[in-house]
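I set out to look up how confident the model is, how one pair of helices packs, and what lines one pocket.

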Amino acid sequence: MRTGVWLVGARGSVATTSIVGALALRAGLTGPTGCVTELPEVRGPALPAFADLVFGGHDVVTTPLAKRAEALATAGVLPARLVAALPEELAEVERELRPAPNTGSQADRAAAIGRDLTEFRQRHGLARVVVVNVAATEPAPGPHPAHADPDALRAALSGPDEVLPPSSLYAYAAVTAGCPYVDFTPSTGLRLPALTALADAHRVPYAGHDGKTGETLLKSVLAPMFAMRHLTVRSWSGLNLLGGGDGATLADPAANAAKVRSKQRVLGETLGYLPQGDTRIEYVEELGDFKTAWDLVTFAGFLGTGMRLEFTWHGCDSALAAPLVLDLARLTAAAHAAGHTGPLADLAFFFKDPLDSTTGSLADQWTRLCAFARQLHGGGADATHG
């Protein structure tokens, strides 16, 4: 089942790590550590094999993919031996990368994106193409009347206004081209009524938002512990320090605010209330593609006795995110092949801000994911079509 993976932000750190990782897995040069779809509870015949994944994508930058991979190897994100072993494979992917359309109306740009997706699918004889957004975080857009209705949106896109932010324009182009869409970022993407209606009309599945890779992953594990032990969390404050392109993007206050909202959501939904405190994100260029998160939690136990928990998380965001990008592409492709349409709420396990806010704790999300995988592999109807 040859499957296309079209990456929006294809020359970025997460995309480059995903591509190099998939090529290395295909060549037998590395193991699938970090790939959830290779766990016994999730893997199975419905998923496209790593060898069946064909990569393409758009980006606004033009740095050759091999150069990006070499830079990541120098920074300690990728093993240099893998980059050195895959020059022909990287060159093959390079030929499938396209500059992001930037001329004409938004309707013109969406049509150009759609043509690239269709030609990519036809050129390689692909069963389907999954579009995955791994571009930089965007500020939340202002309201527009066309966001509520597909017909109004189509008409507005032909005008002079920037009606949709880039992530949503890609979502529009993807679903109208019949491609499933995954948003690994906290950007708006498909979260507009007109776009979800279009996805339903074109009968494609979609998943998101904002991959859960670091501090929020820990929150999703620790917050249920406090809830299940009936301990009162009085405050939860976090400081995130990160470099790289993501850190530079999040130095913008509007983009930073969108990310913080996504990161805080898990506490309110898990605890049933929001404790005092907030999450701060600061750009430290020196950290490069690595990040450090420090959290302080104060809580009360029996008789009101005050206690505290502190933890520090040092991680490489690209190495944590890349296997999840591959997981989501494989699972979404399998869901599309099985006839699923609309929001893939059973993939909430992967996201900070999942499409279904009722999915509960990480353990609950894991149970739903495993049931969904069993259904895809023909092991029982534990999940339903969207």
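The entries below record confidence, a helix pair and a pocket, in that order.

**Basis.** I worked from a predicted model, in which local features need pLDDT of at least 70, side-chain atom pairs count only at pLDDT 80 or more, and totals for chains, interfaces and linings use all residues. Residues are numbered from 1 along each chain as its sequence is written, and side-chain values use heavy atoms, with hydrogens and water left out.

**Confidence.** I noted a mean pLDDT (the predictor's confidence in each residue, from 0 to 100) of 92 for the protein, with 92% of its residues at 70 or more. Over residues 381-386 the pLDDT is below 50, and this stretch has 15 contacts (heavy atoms within 4.5 Å) beyond near neighbours in sequence.

**Helix pair.** I looked up H6 (residues 150-157) and H8 (residues 193-201), helices being DSSP runs (H or I, at least four residues) numbered from the N terminus. Their axes (lines fitted to C-alpha atoms over the stretch in contact, with angles from 0 to 180 degrees between N-to-C directions) come within 8 Å and cross at roughly 110°. H6 and H8 are therefore roughly perpendicular (65 to 115 degrees) to each other. From H6, Pro 150, Leu 153 and Arg 154 meet Ala 194, Leu 195, Ala 197 and Leu 198 of H8.

**Pocket.** I then turned to the second largest pocket (on a 1 Å grid over the protein atoms alone, an open set of points where a 1.4 Å probe fits, with protein on both sides within 12 Å along at least five of seven lines; lining residues have an atom within 4 Å of a point). The space in this pocket is about 300 Å³, a volume being the space filled by probe spheres set on the points. Its lining has 18 residues, and Thr 17, Gly 21, Thr 30, Thr 33 and Ala 319 are the closest to its centre. Helices H1 (13-26), H3 (80-85) and H12 (317-337) each supply at least two residues of this lining.

Key:
Angles under 35 degrees count as roughly parallel, over 145 as roughly antiparallel, 65 to 115 as roughly perpendicular and the rest as oblique.
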